[in-house]
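The exercises below are meant to be worked with the structure in view. Try each task before reading the solution that follows.

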Amino acid sequence: MSSHCTARGSALVAAALLGLGLAGCSGDTPAPTTTATSPTAPVLQPGRPGEPNASLTGTAALPSRTGSPREADVRFMQDMIVHHAQAIVMVSLVQDRLADTQVRSLAARIADEQRPEIDAMAKWLEAKGEQVPPQAGNPELGSGTHDHAGMPGMATQAQLRQLTAARGAEADRLWLTLMTAHHEGALRMVVQQHRDGTDDVVTQLGDEIHVTQSVQIGYMREMLDRLA
């Protein structure tokens, strides 16, 4: 997957999140939505190979209804804002001191992708009447009232201090190591949301994060091997 396609995919999902997550939101508990035009309208269901198609009507033809998001969906959006914010900080700490051109390019791309995703997640939370972590407005803020203890992949304060002090090739290798672990933590968060959450918009964002960051993990491992 090219870097252009990865960045474009993140931009698209952020736009989709804004459109899908905010449209038609009013009140604290939005009514479930459905796309069926009529309960009596027939819907063609393709049969299995060698079997005829079936025409469904009534309740059998209605799509699944999606109500309010579960706590797992809200928690995912809140935690992922904090998680993305630290990734942006990790880039800002070393971007001017990275020696390798490819590492610098990837670092800039990660920051450029994750800032609009933070904005979109914050707007989704606002539309649902949920708390938005302070890092949405300033990634460099501390945890504040949003507890992220035990969040997978987060760098420790000691590791961030070590990253701040690193220079040249040492900074390249340390940043790649920490960001790889950070991305792997994000993948685990996506898996958790897919297991416990129900909101289609949140799941769509999780899918895009999983694809994008899986590809970037591969890039970073290749860079680490080259710089070893």
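**Exercise 1.** Which residues does Asp 100 touch, not counting residues up to four places away in sequence?

*Solution.* The model is a predicted one, and the place to begin is the position of Asp 100, which lies in the loop between helix 2 and helix 3. Leaving out residues up to four places away in sequence, the residues that Asp 100 touches are Asp 172, Arg 226 and Leu 227. The last of these partners, Leu 227, is 127 residues from Asp 100 in sequence, yet the two C-alpha atoms are 8.9 Å apart in space.

**Exercise 2.** Decide whether Asp 100 counts as buried or exposed.

*Solution.* The relative accessibility of Asp 100 is 13%, and the cut-off for a buried residue is under 20%. Asp 100 therefore counts as buried. In the chain as a whole, buried residues make up 40% of the 228 residues.

**Exercise 3.** Set out the order of the secondary structure elements from the N terminus on.

*Solution.* The chain has six helices and two strands. Read from the N terminus on, these elements follow the order α-β-β-α-α-α-α-α. As for contacts in the chain with a separation of 6 or more, residues 24 or more positions apart account for 79% of them.

**Exercise 4.** Find which members of the largest nonpolar core touch the most other members, and which elements build this core.

*Solution.* The core has 25 residues, and Met 90, Trp 175 and Met 179 touch the most other members. Two or more residues each are given by helix 2 (71–94), helix 3 (101–127), helix 4 (157–165), helix 5 (168–196) and helix 6 (200–227). The largest share, seven residues, comes from helix 5. Taking Met 90 by itself, and not counting residues up to four places away in sequence, one finds that it touches Ala 155, Leu 160, Leu 163, Trp 175, Leu 178, Met 179 and His 182. Another core, of 23 residues, lies apart from the largest one, and its members include Met 77, Ala 122, Ala 136 and Val 202.

**Exercise 5.** Describe how helix 5 and helix 6 are arranged with respect to each other.

*Solution.* Two packed helices are described by the angle between their axes and the distance between the axes. For helix 5 and helix 6, the axes come within 9 Å and cross at roughly 155°. Angles over 145 degrees count as roughly antiparallel, so helix 5 is roughly antiparallel to helix 6. The crossing of these two helices is left-handed. Sorted by class, their contact has 13 nonpolar, 11 polar and five charged residues.

Key: Residues numbered from 1 in each chain as written. Predicted model: local features only at pLDDT ≥ 70, side-chain atom pairs only at ≥ 80, totals over all residues. Heavy atoms only, no water. Core = buried A, V, L, I, M, F, W, Y, C linked by side-chain atoms within 4.5 Å. Buried < 20%, exposed > 50% of the residue type's maximum accessible area, 1.4 Å probe, protein only. Helix = DSSP H or I, 4+ residues; strand = E, 2+ residues; numbered from the N terminus. Contact = heavy atoms within 4.5 Å. Axes fitted to C-alpha atoms, helices over the stretch in contact; angles between N-to-C directions. Parallel < 35°, antiparallel > 145°, perpendicular 65-115°, else oblique. Left-handed = near helix turned anticlockwise from the far one by under 90°. Nonpolar A, V, L, I, M, F, W, Y, C, P; charged D, E, K, R; others polar.
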